[in-house]
Amino acid sequence: MKTGLSRLVLYKRPEMKNPITVVGFGGWADAGNVSTLSLAYLKESEGAIELGRLETSDLIDHTQHRPIVAIEGGFIREIRMPGWEIHYAMRKDADLMLVSGYELSHGWDQFVRALFELMDAFGSRTLVTIGGLIDRTPHTRPVRLSFLTTSKRLYGKCMALGLNPSNYRGPASMHSYIIHNSGLKGLEALSLWGHVPTYLNIPNPRVVLAVLEKLSSILEISLSLERLYVDAAVFDSKVNSLVESDEDLKEIVRSLEQEYDEQERNRISYID
């Protein structure tokens, strides 16, 4: 089901009630795989069903995100080009549309038009992007989270939960582009970022858990996070064992703990 020059392809048109659109993608802003793991977990835990795709293969750098090939007995059976998948989950408190893929090398304006076309088709007025960034933060302290938003209501909820409003100047990610254009369209939009320790830029379920816990609170929706609690505990145990056996790494963690604690004291003092 595709019309005109649209990049949006829908396989079905289920009746959804004011769905929340959640976007996550691999690339520059996916430290610790926080963005991609968050979307993958939501798809699995919510039993999400494939809804369609955004045809963006021509906008993706295939040297960075290569097509997937299946070769059997000397013959190519399939080549799957990288693109953006759309899934949906029908829920009691709020339906979800989950949009996942890879950061595009160009054509961000075309992607945003297709994303808004999707949202308009199902009456979605709330959009969330999830990102991950590297930061000087220790794994032994609460996960640091930051945000940017188009909504005073969401700003107040984020601040009440102890999240840090983003302050940044420099090269932009697709997240910023999406949020900026969401504001121009009058959407309630939020970009939620999990901060990953500099020495642990590996798939990090601990940060994913923190992001989805806060997302649940901000949007006032119930998310099933049981498996993530287990994954995060196993991850913490392995990291603690690694740090305990490495004196240099132990010293790095101690230094970051002092820095983190000082920043938190200053932040609380500023709020007071």
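The legends below describe close-up views of a predicted model.

**View 1. Glu188 and its surroundings in strand 11.** Glu188 belongs to strand 11, which covers residues 188-197. The side chain of Glu188 forms a polar contact with the side chain of Arg153, at 3.0 Å. When neighbours within four places in sequence are set aside, the residues in contact with Glu188 are Arg125, Thr126, Leu127, Thr150, Ser151, Arg153 and Leu154. Arg153 thus appears both in the list of contacts and as the partner in the polar contact.

**View 2. Helix 2 and the glycine that follows.** Helix 2 consists of 15 residues, 108-122. At 1.5 Å a residue the helix should span 21 Å, and the 22 Å between its end C-alpha atoms agrees with this expectation. The buried residues of helix 2 are Phe111, Val112, Ala114, Leu115, Phe116, Leu118, Met119 and Phe122. In an α-helix, residues three or four places apart point the same way, because there are 3.6 residues a turn. Just after helix 2 comes Gly123, whose phi is positive, at about 70 degrees.

**View 3. A nonpolar patch on the surface.** Val69, Ile71, Ile76, Ile79 and Met81 make a nonpolar surface patch of about 480 Å². Two or more residues of the patch come from strand 4 (68-72), and two or more from strand 5 (75-80). Val69 is placed in strand 4. With a relative accessible area of 43%, Val69 counts as partly exposed, because this value falls between the limits of 20% for buried and 50% for exposed.

**View 4. Helix 5 and its covered residues.** Helix 5 runs over residues 205-219, and its 15 residues should span 21 Å at 1.5 Å a residue. The end C-alpha atoms of helix 5 are 21 Å apart, in agreement with that span. Helix 5 is mostly covered, with 12 of its 15 residues buried. These buried residues are Pro205, Arg206, Val207, Val208, Leu209, Ala210, Val211, Leu212, Leu215, Ser216, Ile218 and Leu219.

**View 5. Glu220, just after helix 5.** Glu220 is located in the loop between helix 5 and helix 6 (226-244). Although Glu220 is not a glycine, its phi is positive, at about 55 degrees. The relative accessibility of Glu220 is 59%, so this residue counts as exposed.

**View 6. Asn33 in the loop before helix 1.** The loop that holds Asn33 lies between strand 2 (20-26) and helix 1 (34-45). Asn33 has a positive phi, near 55 degrees, and is a residue other than glycine. The relative accessible area of Asn33 is 29%, so Asn33 counts as partly exposed.

**View 7. Met159 in helix 3.** Helix 3, made of residues 152-160, contains Met159. Because its relative accessible area is 35%, Met159 is partly exposed. Residues up to four places away in sequence not being counted, Met159 touches Phe147 and Pro165. A distance of 9.7 Å separates the C-alpha atom of Met159 from that of Ser146, and these two residues are 13 residues apart along the chain.

Terms used:
Residues are numbered from 1 along each chain as its sequence is written. This is a predicted model: local features need pLDDT of at least 70, side-chain atom pairs count only at pLDDT 80 or more; totals for chains, interfaces and linings use all residues. Side-chain values use heavy atoms; hydrogens and water are left out. Helices (H or I, at least four residues) and strands (E, at least two) are DSSP runs, numbered from the N terminus. A polar contact is a pair of N or O atoms within 3.5 Å; within protein, one must be able to donate a hydrogen and the other to accept it, and residues adjacent in sequence count only if both atoms are side-chain atoms. Contact means heavy atoms within 4.5 Å. The expected span of a helix is 1.5 Å times one less than its number of residues. Buried means under 20% relative accessible area, exposed over 50%, partly exposed in between (1.4 Å probe, protein chains only). Patches are made of residues with over 30% relative accessible area and no salt bridge: like charges are joined within 9 Å, nonpolar side chains (Val, Leu, Ile, Met, Phe, Trp, Tyr) within 5 Å. Accessible areas come from the Shrake-Rupley method with a 1.4 Å probe; for residues, only the protein chains shown count as cover. A salt bridge is a side-chain nitrogen of Lys or Arg within 4 Å of a carboxyl oxygen of Asp or Glu.
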